[in-house]
Protein chains: 2
Amino acid sequence: MLDPEGVTHIYIQLASILRGRIAASPPGTPVASEAELQQEFRIARSTARRAIQVLREDGLVHTIPGDGTFVGPPGQPRHMEYWPAYQRIAAGITERILAGSLLPNRRIPSEKVLMEQYGVAKATARKAVAHLREQGWVFTVPSRGTYVSPQETWPKT
Amino acid sequence: MLDPEGVTHIYIQLASILRGRIAASPPGTPVASEAELQQEFRIARSTARRAIQVLREDGLVHTIPGDGTFVGPPGQPRHMEYWPAYQRIAAGITERILAGSLLPNRRIPSEKVLMEQYGVAKATARKAVAHLREQGWVFTVPSRGTYVSPQETWPKT
DNA sequence: GCTCATTTGTCCGTATGTATC
DNA sequence: TGATACATACGGACAAATGAG
């Protein structure tokens, strides 16, 4: 627990508490958000920020604006448990491509089908497809559909 | 009051009580005689002697054989000016430290509080703290406060 | 496209410490 | 004695990015 009367600055105390939690977490695990820390330890948000800043400067965590702070250096694959929905969907499709159930120059399931299969909104399905396109797994032909790319353009795995 | 069951030796406890009285007395004022202390605190005369010896070794009092013990260094004419305010304040704080009302690694009153409690200027309060710091009673953490040192670094009493 | 919630980024003002002049 | 500077800490406000519907 924090000791407000103690010799050590609050943000330093908090940083060492978080250090303990981080040590028990695999890379990619989300660290408690600033708002959560604020509530849990009854501190100002600026103090929580300061503590996380210390951890970041120590290279123990990395922060993605608008998303959160995660254990380990940036670029680390986040544990699948914490993937956003659109990434999970994209992963499911790449799996089917690699397994051969989706063939090069053949259509992938339409947005509508993806919505039903995964129970998500259209925007989420669109984002999954956009993600696959950016990585080179698929390409889109206007007015016709989205197709699996030739194997040469697949990202190296 | 004295605590016969306490951790601290009786003569140390008595010395800190006397320190407080001395702090409020001008140099040259007679300290209670050994016999008076013996009666007031229900202790052996040897214990009273021992407490006064501590104060003498601290330079807080001097003893004239056959006459008595007096506040301040020897040669001081009695009933002169009061001690410098900062010394009075410092002595008050060391008393609280020795009495256990101010604990190691806990904050001492801030300058602002000392100003109000003793009715002195900020510079005076600062000087008192600086005095304590030089003697090893306290240490200061920037932007956080001044704290009681661990007992190991206290001046020997 | 829009809306919503969550999260981080940034800035402000206030209070409280000490440090310095 | 007073004024100023600096750092921590708190609290609030608003913007920007992200994910999701």
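## The β4–β5 hairpin of chain A

Let's start with a pair of aromatic residues: F139(A) stands opposite Y147(A) in β5(A). The model is predicted, so local features need pLDDT of at least 70 and side-chain atom pairs count only at pLDDT 80 or more, while totals for chains, interfaces and linings use all residues. As for bookkeeping, residues are numbered from 1 along each chain as its sequence is written, chains are lettered from A and ligands numbered from 1 in the order in which they are written, and side-chain values use heavy atoms, with hydrogens and water left out.

The two strands here are β4 (residues 138–141) and β5 (residues 145–148) of chain A, and they pair antiparallel over four bridges. Strands (E, at least two residues) and helices (H or I, at least four) are DSSP runs numbered from the N terminus, and two strands pair if DSSP finds at least two bridges between them. Further along, V141(A) has G145(A) in β5(A) as its bridge partner. The hairpin has three residues between its strands, and S143(A) takes a positive phi near 65 degrees.

## A three-stranded sheet

Chain A also has an open sheet of three strands, in the order β1-β3-β2 with antiparallel pairing. β1 (30–31) and β2 of chain A stand at the edges with a single partner strand each, so one side of each has no neighbour in the sheet. In a regular strand, side chains alternate between the two faces of the sheet.

Two bridges join β1(A) and β3(A), and V31(A) has T69(A) in β3(A) as its bridge partner. β2(A) and β3(A) are joined by four bridges, with V61(A) opposite V71(A). These two strands form a hairpin as well, with three residues between them, and G66(A) in the turn has a positive phi of about 80 degrees. Keep G66(A) in mind, as DNA strand C brings it back.

## Two domains in chain A

The domain assignment (bounds come from an automatic or database assignment) splits chain A into domain 1 (10–71) and domain 2 (83–153). Their C-alpha centres lie 35 Å apart.

## Around DNA strand C

A residue is near a strand if one of its heavy atoms lies within 4 Å of it. DNA strand C has 19 residues around it, and E34(A), R45(A), R49(A), G66(A) and R126(B) come nearest. Of the atoms of DNA strand C within 4 Å of the protein, 65% belong to sugar or phosphate and the rest to bases. By class, the surface near this strand has two nonpolar, ten polar and seven charged residues. Nonpolar here means Ala, Val, Leu, Ile, Met, Phe, Trp, Tyr, Cys and Pro, charged means Asp, Glu, Lys and Arg, and the others, Gly among them, count as polar.

Now for the polar contacts (pairs of N or O atoms within 3.5 Å). A backbone N or O atom of G66(A) lies 3.4 Å from a sugar or linking oxygen of DNA strand C. Chain B joins in too: a polar side-chain atom of R126(B) is 3.3 Å from a phosphate oxygen of the strand, and a side-chain N or O atom of S110(B) is 3.5 Å from a phosphate oxygen. The elements that give two or more residues to this surface are α3, β2 (61–64) and β3 (68–71) of chain A, plus α5 (111–118) and β4 (145–148) of chain B.

## Around DNA strand D

DNA strand D has 24 residues around it, with I10(A), Y11(A), T47(A), A85(A) and A121(B) coming nearest. Sugar and phosphate make up 75% of the atoms of this strand that come within 4 Å of the protein. The surface near DNA strand D holds 13 nonpolar, six polar and five charged residues.

R50(A) puts a polar side-chain atom 2.9 Å from a phosphate oxygen of DNA strand D, and a polar backbone atom of A44(A) is 3.2 Å from a phosphate oxygen. From chain B, a polar side-chain atom of S143(B) lies 3.2 Å from a sugar or linking oxygen of DNA strand D. The elements giving two or more residues are α1 (10–23), α3 (45–57), α4 (85–99) and α6 (122–135) of chain A, together with α6 (122–135) of chain B. α3(A) gives the most, with four residues.

## Where chains A and B meet

The contact (heavy atoms within 4.5 Å) takes nine residues from chain B and nine residues from chain A. Together the chains bury about 650 Å², 43% of it on carbon and sulfur atoms; buried area is the accessible area (1.4 Å probe) that two parts lose on being put together, summed over both. In chain B, R106(B), R107(B) and R144(B) lose the most area to chain A, together 67% of what that side buries.

Terms used
Polar contact = N/O pair within 3.5 Å; in protein donor to acceptor, adjacent residues only side chain to side chain.
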